[in-house]
Amino acid sequence: MAYDVVVIGSGPGGYVCAIKAAQLGLKTAVVEKRETYGGTCLNIGCIPSKALLHASEMLAEAQHSFDTLGVEVGTPKLNLKKMLAHKDATVASNVNGVAFLFKKNKIDAFRGTGKIVSAGKVSVTGEDGKVQEIEAKNIVIATGSDVAGIPGVKVDIDEKVIISSTGALSLEKVPGHLVVVGGGVIGLELGSVWARLGAKVTVVEYLDSILGGMDGEVSKQFQRMLAKQGLDFKLGAKVTAVAQAKKGATVTFEPVKGGAAETIEADAVLIATGRRPYTDALGLKEAGVDVDERGRVKTDAHLRTNVPGIYAIGDVVAGPMLAHKAEDEGVAVAETIAGQAGHVNYDVIPSVVYTSPEVASVGKTEEELKKAGVDYKVGKFPFTANGRARAMLHTDGLVKVLADKATDRVLGVHILGFGAGEMIHEATVLMEFGGSSEDLARTCHAHPTMSEAVKEAALATFFKPIHL
Ligand code: NAI
């Protein structure tokens, strides 16, 4: 019997695609080589990191805010073993949740490494080496991404001293000095976890700013906050070597603009210099599936590859490597296969950095608008002027709204502050509907909430804020 859809990979892209396909009445199977479902995100990415981020933030709150709030708990102490156990339990409940949903939706799961034999045929090689072939009217490649390493630098990641994001989720003790190579999302999220747990953290970043591509003003303010939390930054610094030492490791870097190299010692080094699309052993070449110069599977606007009946979604194709982008692509492909009009609006994909405070954005940055020659206006509102933020001691940060000068249509929203990752969605919905800053400003917001700062920033864009 042939399946209507066989999805290779069960990360957020793959498992959501499979569930949607099954919901639409398609006979669906998933191929997964990992022992549990959920891919990088659920097993060694988004979910476990959020458990550690939350737990370490609670420790920091207990250490730095409880006293002011009048809560006496003695000296808060870290129990790393317990914190890691909480992380593992969180992962277990999430991956089990996916297994439950597969059963509920009557999705067949094949354990093993999937390979495309040809259009219509997938082989699955189990751990015991046994190969099984399954017929598939449609194949969806959802194999995700893997750690890319440092371009041009040989690094031996042992996940103990020289670690990737995977090892950074399971260190058995807090390193004295953690050097983070790469000031992107992973470096800052996991670097800030270990900083809160007591490590001295140095971030070495090639660019002149952290979180390249983020709104410049927000990035600068954010960096100042992280520096206040104790993170040390070496910007405009290119890492040229990472080596194991007798004790720990060494990291060598040189100024991008030229100058003398510097070597620093570390107890642990986190390599966070990006991820690469993962298509190893997938048989793309044999099946005739085209990839681009960066190894990403080439797709058209409907996520179809050049081979009829083969689709690709998520980190393995172009676009931001974000779980929610993969999920939306999974839904779109399932709908397309079912004969519906699947679509992803790539202009309105929110992105969140889950640090403390969080940084969230949707749409264009000021730099992008300037570059595109768009005539825009800006409205800002700081959380220092928000009552709820004051009550919770979370006054760091701001909301920034960018709108078209002529039409008032909102083009970008950037939030730096506590709960930014939740607040961004009102801007996302507004932008999905092509809303204006006046629409946002005239929408009643509950008081007192942090979200009122979003309304005030919109007011500032459209006319004047009330509370400033
Ligand atoms: P990234 O691309 O965000 O950051 C890598 C950084 O390393 C860049 O700033 C780059 O300039 C720097 N770099 C590269 N080579 C270097 C060198 N030789 N010396 C110094 N710096 C160097 O990659 P990251 O943080 O590894 O994340 C990988 C992917 O995972 C990203 O696409 C990210 O969007 C995604 N992710 C998203 C999360 C979220 O949405 N909250 C959380 C974690 C990962």
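**Reading the pockets, contacts and cis bonds**

Analyst: By class, the residues that line the largest cavity are four nonpolar, three polar and one charged. Please keep in mind that this is a predicted model.

User: Thanks! What makes up the lining of the largest cavity?

Analyst: Val147, Ser165, Ile186, Ile271, Ala272, Thr273, Gly274 and Arg275 line it. Arg counts as charged and Gly as polar, so Arg275 is the charged one and Gly274 is one of the polar ones.

User: What volume does the largest cavity have, and how many cavities of 30 Å³ or more does the structure hold?

Analyst: The volume of the largest cavity is about 50 Å³. The structure holds one cavity of 30 Å³ or more.

User: Why is the second largest pocket called a pocket and not a cavity?

Analyst: A 1.4 Å probe cannot get out of a cavity, whereas a pocket is an open set of points, so the word "pocket" marks an open space. The second largest pocket holds about 370 Å³. It is lined by 14 residues, and Lys160, Val161, Leu171, Glu172 and Lys173 are the closest to its centre. By class, its lining has five nonpolar, four polar and five charged residues.

User: Now the ligand. Which residues come nearest to it?

Analyst: Ile186, Glu189, Glu205, Gly274 and Val352 do, out of 22 residues around the ligand. The cut-off for being near is a heavy atom within 4 Å. By class, this shell has 14 nonpolar, four polar and four charged residues.

User: What makes the approach of Glu205 to the ligand a polar contact?

Analyst: A polar side-chain atom of Glu205 is 2.6 Å from an oxygen atom of the ligand. The limit for a pair of N or O atoms is 3.5 Å, so this pair counts as a polar contact.

User: How do you know whether the backbone of Ile186 and that of Val185 make polar contacts too?

Analyst: The same cut-off of 3.5 Å applies. For Ile186, a polar backbone atom lies 2.9 Å from an oxygen atom of the ligand. For Val185, a backbone N or O atom is 3.3 Å from a ligand oxygen. Both values are within 3.5 Å, so both pairs qualify. As for burial, the ligand taken alone exposes 840 Å², and the protein buries 78% of that.

User: Which helix and which strand each supply at least two residues of the shell around the ligand?

Analyst: Helix H6 (185-196) and strand S12 (237-244) do.

User: How do you know how compact the chain is, as a globular protein of its length would be?

Analyst: The chain has 14 helices and 22 strands. Its radius of gyration is 23 Å, close to the 23 Å that the globule rule gives for 468 residues, so the chain is as compact as a globular protein of that length. Along the principal axes, the C-alpha atoms fill a box of roughly 65 × 60 × 50 Å.

User: What is omega at the cis peptide bond between Ser356 and Pro357?

Analyst: Omega is about 0 degrees there, and Pro357 sits in the loop between strand S18 (351-353) and strand S19 (358-363). The bond from His447 to Pro448 is also cis, with omega near 0 degrees. Pro448 belongs to the loop between helix H13 (437-441) and helix H14 (452-462).

Key. Residues are numbered from 1 along each chain as its sequence is written. This is a predicted model: local features need pLDDT of at least 70, side-chain atom pairs count only at pLDDT 80 or more; totals for chains, interfaces and linings use all residues. Side-chain values use heavy atoms; hydrogens and water are left out. A polar contact is a pair of N or O atoms within 3.5 Å; within protein, one must be able to donate a hydrogen and the other to accept it, and residues adjacent in sequence count only if both atoms are side-chain atoms. Accessible areas come from the Shrake-Rupley method with a 1.4 Å probe; for residues, only the protein chains shown count as cover. Helices (H or I, at least four residues) and strands (E, at least two) are DSSP runs, numbered from the N terminus. On a 1 Å grid over the protein atoms alone, a cavity is a set of points where a 1.4 Å probe fits but cannot get out, and a pocket is an open set with protein on both sides within 12 Å along at least five of seven lines; lining residues have an atom within 4 Å of a point. Grid points are joined across faces, edges and corners, and a volume is the space filled by probe spheres set on the points. The radius of gyration is taken over C-alpha atoms; the globule rule is 2.2 Å times the number of residues to the power 0.38.
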